[in-house]
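Welcome, and please load the model in your viewer with the side chains switched on. We will go from one selection to the next, with a short note on what is there.

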Number of protein chains: 2
Amino acid sequence: MNLKELSQALELSQTTVSRALNGYPEVSAETRSRVEEMARKLGYAPNQQARRLATGRSMSIGHVIPRSLHEMMNPVFMEFIAGAGETYSRHGYDMIISVVEDHNVEAAYREIASKKKTDAVMVHGPRSSDERPALLKELGLPFLIHGRVPGLEHATSWIDVNNGRAFERATNLLLDLGHRRIALLNGLEDMDFAARRRAGFDKAHHDRGLQTIPELLRAADMTEPYGADSALEMLKSPEPPTAFMVSSMITAIGVARAIGLCGLKIGRDISVITHDDALSFLPNCGDVPIFTCTRSSVRDAGSRAAQLLIEKILPNPDTIVSEHLEAELIIGQSTGPLPTQA
Amino acid sequence: MNLKELSQALELSQTTVSRALNGYPEVSAETRSRVEEMARKLGYAPNQQARRLATGRSMSIGHVIPRSLHEMMNPVFMEFIAGAGETYSRHGYDMIISVVEDHNVEAAYREIASKKKTDAVMVHGPRSSDERPALLKELGLPFLIHGRVPGLEHATSWIDVNNGRAFERATNLLLDLGHRRIALLNGLEDMDFAARRRAGFDKAHHDRGLQTIPELLRAADMTEPYGADSALEMLKSPEPPTAFMVSSMITAIGVARAIGLCGLKIGRDISVITHDDALSFLPNCGDVPIFTCTRSSVRDAGSRAAQLLIEKILPNPDTIVSEHLEAELIIGQSTGPLPTQA
DNA sequence: GACGTAATTCAAAGCGGTTTGGATGGGTGT
DNA sequence: ACACCCATCCAAACCGCTTTGAATTACGTC
């Protein structure tokens, strides 16, 4: 069932039928309803490909995921996608996802642009120095970044958690509780989000005239064993930390395991604060969550990002929009005052 | 730069240029290379939408994710997607993902079919009674199931881990070690994979004339707190289990936490075997992995599924292919013989 | 009753490719 | 020298929709 057949069944021109269905004003109300009814009866739906060709809009948004990024951010990324996906479909957009090797990212974007595959792209996991914004500008491909690229805060559109502030506040909480040997298990610090968390962590110390402790600072892919192994090693060292700031729930779970293995009790002997992306399969809620955390729903971020892209950037690709999401600081069971030396 | 312009620059017809680029034989080698060179020089790439309209193939595969499924399978799902995505792009296919509310799944498929959005779809997380295969057949949309629908094993194409056998073997291992009070923390048992795991668990018992213990059987969304809360409750009961079979690493981590909270040692006091989907952010490997597990890479499954869909099913939509993936049973640190009563 | 205007409707021209059904021309066999 | 056959290449149709520009009809006005 295509437009031609439908218009013949109605004894109307394709023009009129098309206009009736697409809500153009130059169609009488009566005709429109007649068309709509017939379309429903005959089960007509416009061919997507044809419409795309005719309008020049692909009605889809691209997500290019570098393999390396995916390895690291896997679950977080999926949650973002879920949020974005819902918003896309509400607006009639498709989401197309390309998982590519790192060295093929540029080629992937070029292909999207030259073949006119999508109307815009979402950029994930920006690094402190990231070449994607320049490339996308060159290609004329509208985009929005989940995160920020330093130096391009005012030149690109983005949505980002206020990572610096979140980690500064969390660190201050630990300092207020008396902790002075605080470990930081960060993500890889060439990632912008990790650099900002590190900066917040440092700032909280420096503002009180305190120094961070080099032996207690780590940066790596945020896996569970990373958390466990690092924490184990630190806890067994001559001068162990009394608290941990952790960049991911997954890693924090590893830290908790290590603390248990050392026969210590989390929240009493050792404090832990983690960033919590509010992943659906790792709920950390309730009156008193397991982990004290800085929380910001990455799913909401995805949803909001999609909305900004579709409503602000697509209609006017030169618009620059940016939005900060503040993380909540939520007190759970994993923090407590510095234990007094028994 | 479109085909018309390119052909003018070459002083050839669009037909010839199109054929040269698409590898048709009726073009001389010389002409072909001349065309290819010029195309490269001018940066020509065929417009995706136009090609789709002309060929009638969308060169894309759809994944419709019901919200409920997503909640549950989030990380596993993402890993599958990653595997499939790589295979897709190698074959020139796009992956389009729709996250929809459960009650909109049917509508989503109907839309894909009527608008000709994708050439085929991948079906995720089949339930013991699942209406999607029938719908997709009605719509004439080729598909492959990741998992199986009971009763349709020979009527549909699928790829699936041999869940029954995996859990049967794992349960036997525990029984061999002397365990007689084995808890099962399963996924929701209206999901086919969970039903099969349950069946394997039961079979291992029944084959030895043993009964499973109703109080020790649970089925729920496979979150971390589910594991922790269930295990805690069971361990504190008058007749606690001595071993756990768990359907997901995430849940197993919760179990491990509960064991720690009870002051017990995993592998010595309490044994745990989990299914391990080989998620990249939860590596459970090394010489002696943390968890004894039944392991099957869901990423490989995705990759293989995509391959079957593209290479077997698309060329001939009536083909029925099915493939079993065997899970490895890997001994880690979380299992040991039944402790002798001290 | 002629005329300007607004409200509807339509035929046809794209959009940018692929594919069908010839045309053209050089080489071969007799 | 002639018929015939490939090897190449091309003009035009087609995919199914949107949109431009024009035609038709209806209506109120002077």
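**First stop: DNA strand D**

Select A:Y44 together with DNA strand D: an N or O atom in the side chain of A:Y44 is 3.1 Å from a phosphate oxygen of the strand. That is a polar contact, meaning a pair of N or O atoms within 3.5 Å; within protein, one must be able to donate a hydrogen and the other to accept it, and residues adjacent in sequence count only if both atoms are side-chain atoms.

Before moving on, note that this is a predicted model, where local features need pLDDT of at least 70, side-chain atom pairs count only at pLDDT 80 or more, and totals for chains, interfaces and linings use all residues. Residues are numbered from 1 along each chain as its sequence is written, chains are lettered from A and ligands numbered from 1 in the order in which they are written, and side-chain values use heavy atoms, with hydrogens and water left out.

Now add B:T16, whose side chain has an N or O atom 2.9 Å from a phosphate oxygen of DNA strand D. For B:T31, the distance from a polar side-chain atom to a phosphate oxygen of this strand is 2.8 Å. Color α2 (14–21) and α4 (48–55) in both chain A and chain B: these elements each give two or more residues to the surface near DNA strand D. Helices here are DSSP runs of H or I with at least four residues, and strands are runs of E with at least two, numbered from the N terminus.

**Second stop: DNA strand C**

Which residues come nearest to DNA strand C? Select A:T15, B:L3, B:S18, B:R19 and B:Y24, out of 27 residues around it. Of the strand's atoms within 4 Å of the protein, 57% belong to sugar and phosphate. A base is reached too: a polar side-chain atom of B:T15 lies 3.1 Å from a base oxygen of DNA strand C.

**Last stop: strand β3 of chain B**

Select residues 120–124 of chain B, where five of five residues are buried (under 20% relative accessible area, with a 1.4 Å probe and protein chains only). B:A120, B:M122 and B:H124 cover one side, with B:V121 and B:V123 on the other.

Next, show β1 (residues 60–66) of chain B, which pairs with β3(B) in the parallel sense over three bridges; pairing takes at least two DSSP bridges. B:G62 has B:V121 as its bridge partner. Finally, show β4 (residues 143–146) of chain B, parallel to β3(B) over four bridges, where B:L144 partners B:M122.

Key
Buried < 20%, exposed > 50% of the residue type's maximum accessible area, 1.4 Å probe, protein only. Near = heavy atom within 4 Å.
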